[in-house]
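Subject: A structure for you to explore

Hi there,

Here is the structure I promised to pass on to you. Have a look at it first, and then read on for what turned up in it.

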Amino acid sequence: MRTLIRNGTIVTATDLYKGDVLVDGEKIAVIGTTLDGIADGVDKIIDASGKYVLPGGIDVHTHLDMPFGGTTSADDFESGTTAAAFGGTTSIVDFAIQYRGQTLHHAWETWAKKAEGKAVIDYGFHMIMTDLNDQTEAEMDALVRQGITSFKLFMAYPGVFMLDDASIFKALLRTGKNGGTICMHAENGGVIDVLVQRALAAGKTAPKYHALTRPARAEAEATHRAIALAEIADVPIYIVHLSAAEALEMVTEARDRGLPAYAETCPQYLFLSYDNYEEPGFDGAKYVMSPPLRQKATQDQLWRGLAFNDLQAISTDHCPFCMKEQKELGRSDFSKIPNGAPGIETRMSLVYDGGVRANRISLNRFVELTSTSPARIFGLFPRKGTIAPGSDADIVVFDPNRTTTLSARTLHMNVDYNPYEGRTVTGATDTVLSRGRLVIENGKFVGRAGSGSFIKRSVRT
Ligand SMILES: [Zn+2]
């Protein structure tokens, strides 16, 4: 199968030019200012006049089919990756979870089964470790060799996911030897638990108390501690879903000292705020996620971090729970509201509209934050994350002028609300290729469940 994408504006993290892209099989074969001469010999021509031709989005933080708080996230690997494709994302890195007493290999097998036969785009896994002992530490090396090159640890959720500093430090040291990367959920779980218990004891049960018991300083403290532990271990660290300006200061300070500290933020922290928790009735539950939404003024600081490369990636932390029967579990106790919100489908349009169109970041930086930089950090580059000969033909034809209204009724995520309901965004995904196969064509799904493959990732370089 040979596909020619004609007359588009090709955008990478560094380049911007009018040209044609020839896809041969699963790979990008040729790029030229005009490939008209070979148009006769191709199977399919896609006209990209007036459109951007972007490397497919890479979302390195998703939770599909994930058990949490007595329920399971509402998107499985079929609905979740289909929604991702509609939104211009062609690769995800999801999280396999090792529960206490289990091997890492068992966790990988469990999550591999969830994805196989279902994913419509390519996927990799980070390994969440909740039990660090001599055996699982040794297993980390094997996993890195097998293409699971990053591990997520928690400084929050005591008794469920949280690891103590000694275990975190041992895991960091191990990645110094095996080349893996530690991803950290940085919130001080012990402090937060005390605040939660006190709030509940005082009869404070509404959704907004989820945010009020998770102060920005608890995130900043853990971010600082995580970076300090990585500095002592002399290894890089990646902070997931950074939400607070106080936490960003810690990353900025470390980077100014030349430390390999990396961090992502998510659209919800750029476009939503604490005010959403004050919505009437139980509606604040829609935004219950950890870390919580912050004060509106934080948004400007996060955009500044993105523009100046103190933040290197925008992922979604997509972890949807329906209001009905799921978020409702916490109607009388905010601590029982499943944590998470949908976002896998809306990332590219939101960031384009609120970032590029609003002159907060350049078009190149948009590509870098949503594709190239996560690809580099997580061992996918140059196979993915750019438009270049030899790279996978993961390509998005993006219409910078099409305006859509975000709504749960028209989006494809398997969830009964949308946190951006009614918001209009300009910039929309028209057509998506995943390793040369059409998945979305002019806004219609033409992909196939099971056509996505596990991506064996490399170690950081
Ligand atoms: Zn997460």
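Along the sequence, the residues that hold the zinc ion follow the spacing H-x1-H-x253-D. The two ends of that pattern bring distant parts of the chain together: His 61 belongs to strand β6 (residues 57–62), while Asp 317 sits in the loop between β15 (313–314) and α11 (347–356), 256 residues apart. Please keep in mind that this is a predicted model.

Which atoms of the protein are the donors of the zinc ion? They are NE2 of His 61, NE2 of His 63 and an OD atom of Asp 317, and they lie 2.0 to 2.2 Å from the ion. Are His 61 and Asp 317 buried or exposed? Both His 61 and Asp 317 are buried.

Next, the empty spaces. As a general idea, rolling a probe the size of a water molecule over the atoms shows where empty space is left. In this model there are four cavities of 30 Å³ or more. The largest cavity has a volume of about 160 Å³, and 16 residues line it. Two of the zinc donors turn up here again: His 63 and Asp 317 are among the residues nearest the centre of the largest cavity, together with Phe 68, Tyr 157 and Asn 339. Sorted by class, its lining has eight nonpolar, six polar and two charged residues.

The second largest cavity has a volume of about 40 Å³. Its lining includes Gln 268, Leu 272, Met 289 and Thr 316, and also Pro 419 and Tyr 420. Six residues of this lining are nonpolar and three are polar, with no charged ones.

Then there are the pockets. The largest pocket has a volume of about 450 Å³. It is lined by 23 residues, and those closest to its centre are Phe 68, Tyr 157, Val 160, Asp 193 and Ser 335. Two names may look familiar, since Phe 68 and Tyr 157 also came up for the largest cavity. Which elements give two or more residues to the lining of this pocket? They are β7 (67–68) and α5 (189–201), and α5 provides the largest share, with five residues. The lining of the largest pocket divides into 13 nonpolar, seven polar and three charged residues.

The second largest pocket has a volume of about 320 Å³. Among its 17 lining residues, Phe 86, Glu 345, Arg 402, Thr 404 and Leu 411 are the closest to the centre. Strands β16 (395–405) and β17 each contribute at least two residues to this lining. Here the classes are five nonpolar, ten polar and two charged residues.

Now for the strands, beginning at the start of the chain. Why can we call strand β1 (residues 2–11) largely enclosed by the rest of the structure? Because seven of its ten residues are buried. Strand β1 has these partners:

- Strand β2 (residues 16–24) runs antiparallel to β1 and is joined to it by eight bridges. The two form a hairpin with four residues between them, and Thr 9 stands opposite Lys 18 in β2.
- Strand β4 (residues 44–47) runs parallel to β1, with four bridges between them. Arg 6 stands opposite Asp 47 in β4.
- Strand β5 (residues 52–55) also runs parallel to β1, joined by two bridges. Thr 9 appears again here, opposite Tyr 52 in β5.

While you trace these strands, remember that in a regular strand the side chains alternate between the two faces of the sheet.

Further along the chain, strand β17 (residues 424–434) pairs with strand β18 (residues 437–441) in the antiparallel sense through three bridges. Ser 434 has Arg 437 in β18 as its bridge partner. These strands make a hairpin with two residues between them, and Arg 435 in the turn has a positive phi of about 45°.

Strand β18 also pairs with β19 (residues 444–445), again antiparallel, over two bridges. Glu 441 stands opposite Lys 444 in β19. This hairpin has two residues between its strands as well, and Asn 442 takes a positive phi near 45°.

Enjoy exploring, and do write back with any questions.

Best wishes

Terms used. Residues are numbered from 1 along each chain as its sequence is written. This is a predicted model: local features need pLDDT of at least 70, side-chain atom pairs count only at pLDDT 80 or more; totals for chains, interfaces and linings use all residues. Side-chain values use heavy atoms; hydrogens and water are left out. Donors are N, O and S atoms within 2.8 Å of the metal (3.2 Å for Na, K and Ca); water is not among the atoms, so sites may look incomplete. Buried means under 20% relative accessible area, exposed over 50%, partly exposed in between (1.4 Å probe, protein chains only). Two strands pair if DSSP finds at least two bridges between them. On a 1 Å grid over the protein atoms alone, a cavity is a set of points where a 1.4 Å probe fits but cannot get out, and a pocket is an open set with protein on both sides within 12 Å along at least five of seven lines; lining residues have an atom within 4 Å of a point. Grid points are joined across faces, edges and corners, and a volume is the space filled by probe spheres set on the points. Ala, Val, Leu, Ile, Met, Phe, Trp, Tyr, Cys and Pro count as nonpolar, Asp, Glu, Lys and Arg as charged, and the others, Gly among them, as polar.
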